[in-house]
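User: I would like to go through this protein model with you at the level of single residues and elements. Please reason through each reply before giving the value or name I ask for.

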Amino acid sequence: MINVTRSSMPSYEEYCEEIKDLWESRWLTNNGAKHRQLQTELEQYLAVPHVTLYTNGHLALEHMLDAMRFPEGSEIITTPFTFVSTTHSIVRNGLVPVFCDVNDTDYTMDVTKIEALITEKTVAIMPVHVYGNLCDVEAIDVIAKKHGLKVFYDAAHAFGVKKNGISAANFGDASMFSFHATKVFNTIEGGALCYADDKMVSLLDTLKNFGIDSPETVAFVGGNAKMNEFQAAMGICNLRHIDGEIAKRKAAVEQYRKRLSGVSGIRLCPEQAGVESNYAYFPVVFDGYRHTRDDIFAMLKEQDIIARKYFYPLTNDITCYAAMETAGADKTPVAKHLAARVLTLPLYADLTVEDVNRICDVILQ
């Protein structure tokens, strides 16, 4: 079987060596040595002033908004072409998601449609970098400054990506990275917030530790979102190999492009100018091809090749948001069109050229 993804891991020996001293310290969580080491190394690798680590990316998203203390019912402009976590983080903070359509080139938020959605209740924009493609960060920054809005990026797909030499971790007021097992860089489960505001450090650290700000005082209602030492150890190991992992992914993507480019009815994302990709995903849009997206999905599955309809359904079209006034996929026609036609093909560091050829043969034959 070829799965849609496969987690990158260090050697068994390397990980065992990394966690060995935990049996001596017995310090397994609560800002231990591994946690602090990974945080420092990520700040250096991502070239960002501050990194706050989390047990998963979703809680990082929730805390990013929670820290702002926006009035209940405030609106955040976001995209439906994303994983449900993005929208859930807004709603679970008592805020209202307002869905902006995406563009038809790189599937990120259509910056020409943002301003029409801004109201007196709008407090922030939450765009999503998808598949390793970066949003138009310059245009979004201009709009946000013009209207006095915060910008929070869901950068779950953008670890290690740079634009004109600048790390994606530096755009907006904060960016969230997911370190889930399926991502380019993983800590088994995990995530992080990256930001520049010094005042946010202690606030986020307190929020993710139940709101406890001293041994005998609890400043406010917080949660438990701390990354443990075994997660951090996996991250320390994987960070040593991240550049090599991305290079392997690039080789697989290049073979996909070689086989599938120029085929009528098959649309590939163009490479973004000035962007150093992490080759997180390989999306293919079947639009006018002799087989539908769903047909291709089924044909691949019959050959033990697991692809993914990603993202489908749209988050503004799922059951739990059906009654929401701002929901409805018909309001975002480009995203709706893409969601019915996009398929992400298997992609991971250990995917061989032979595997890619096998996948492409099924699609083309």
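User: In which helix is Ile-296 found, and is Ile-296 buried or exposed?

Analyst: In this predicted model, Ile-296 is found in helix 10, which covers residues 293–302. Since buried means under 20% relative accessible area, the value of 1% for Ile-296 decides the matter. The residue sits in helix 10, and Ile-296 counts as buried.

User: Leaving aside its neighbours within four places in sequence, which residues is Ile-296 in contact with?

Analyst: Distance along the chain can be set beside distance in space, as with Gly-265, which is 31 residues from Ile-296 in sequence and 13 Å from Ile-296, C-alpha to C-alpha. For contact, heavy atoms have to be within 4.5 Å. Once the neighbours within four places in sequence are set aside, the partners of Ile-296 are Phe-286, Tyr-289, His-291, Leu-343 and Ile-363.

User: Which residues have the most contacts inside the largest nonpolar core, and which helix gives the most to this core?

Analyst: In soluble globular proteins, nonpolar side chains tend to be buried together. Here the largest nonpolar core has 86 residues, and those with the most contacts inside it are Phe-81, Ile-114, Leu-260, Leu-345 and Ile-363. The element that gives the most to this core, with six residues, covers residues 242–260 and is helix 9.

User: How many residues does the second, separate core have?

Analyst: Among the residues of this separate core are Leu-65, Ala-67, Leu-95 and Met-176. Met-176 is also one of the buried residues of strand 8. The second core has 23 residues.

User: How many residues of strand 8 are buried, and which residues lie on each side?

Analyst: In a regular strand the side chains alternate between the two faces of the sheet. Strand 8 runs over residues 174–178 and is mostly covered, with five of its five residues buried. Both faces are covered, with Ala-174, Met-176 and Ser-178 on one side and, on the other, Ser-175 and Phe-177.

User: Which residue in strand 8 is the bridge partner of Asp-154, and which residue in strand 9 stands opposite Phe-177?

Analyst: Strand 5 (residues 150–154) is joined to strand 8 by three bridges, and these two strands run parallel. Strand 8 is joined to strand 9 (residues 191–195) by five bridges, and this pair runs antiparallel. In the parallel pair Asp-154 has Met-176 as its bridge partner, while in strand 9 the residue opposite Phe-177 is Ala-192.

User: Which helix gives the largest share of the lining of the largest pocket?

Analyst: The largest pocket holds about 350 Å³ of space, and of its 23 lining residues the closest to its centre are Phe-83, Ser-85, Ser-178, His-180 and Lys-183. Helix 4 (57–66), helix 5 (84–91) and strand 8 are the elements that give two or more residues to this lining. By class the lining has seven nonpolar, 12 polar and four charged residues. The largest share, three residues, comes from helix 4.

User: How much space lies in the largest cavity?

Analyst: The structure holds one cavity of 30 Å³ or more. The lining of the largest cavity includes Phe-159, Ser-178, Lys-183 and Tyr-281, and by class it has seven nonpolar, three polar and one charged residues. The space in the largest cavity is about 40 Å³.

User: Where is Leu-117 placed, and is Leu-117 buried or partly exposed?

Analyst: The place of Leu-117 is in the loop between strand 3 (96–99) and strand 4 (122–126), and its contacts beyond four places in sequence are Ile-77, Val-98, Phe-99, Cys-100 and Thr-122. Because the partly exposed class begins where buried, under 20%, stops, a relative accessibility of 23% makes Leu-117 partly exposed.

User: What is omega for the peptide bond that joins Tyr-312 and Pro-313?

Analyst: Most residues other than glycine have a negative phi, and most peptide bonds are trans. The bond from Tyr-310 to Phe-311 is cis, with omega near 25°, and Pro-313 is found in the loop between helix 10 and helix 11. The bond that joins Tyr-312 and Pro-313 is also cis, and its omega is about -5°.

User: What is phi of Tyr-131?

Analyst: Tyr-131 lies in the loop between strand 4 and helix 6 (137–147), and at 3% relative accessibility it counts as buried. Its phi has a positive value in a residue other than glycine, near 65°.

Methods:
Residues are numbered from 1 along each chain as its sequence is written. This is a predicted model: local features need pLDDT of at least 70, side-chain atom pairs count only at pLDDT 80 or more; totals for chains, interfaces and linings use all residues. Side-chain values use heavy atoms; hydrogens and water are left out. On a 1 Å grid over the protein atoms alone, a cavity is a set of points where a 1.4 Å probe fits but cannot get out, and a pocket is an open set with protein on both sides within 12 Å along at least five of seven lines; lining residues have an atom within 4 Å of a point. Grid points are joined across faces, edges and corners, and a volume is the space filled by probe spheres set on the points. Ala, Val, Leu, Ile, Met, Phe, Trp, Tyr, Cys and Pro count as nonpolar, Asp, Glu, Lys and Arg as charged, and the others, Gly among them, as polar. Buried means under 20% relative accessible area, exposed over 50%, partly exposed in between (1.4 Å probe, protein chains only). Helices (H or I, at least four residues) and strands (E, at least two) are DSSP runs, numbered from the N terminus. Two strands pair if DSSP finds at least two bridges between them. A nonpolar core is a set of buried Ala, Val, Leu, Ile, Met, Phe, Trp, Tyr and Cys residues joined through side-chain atoms within 4.5 Å.
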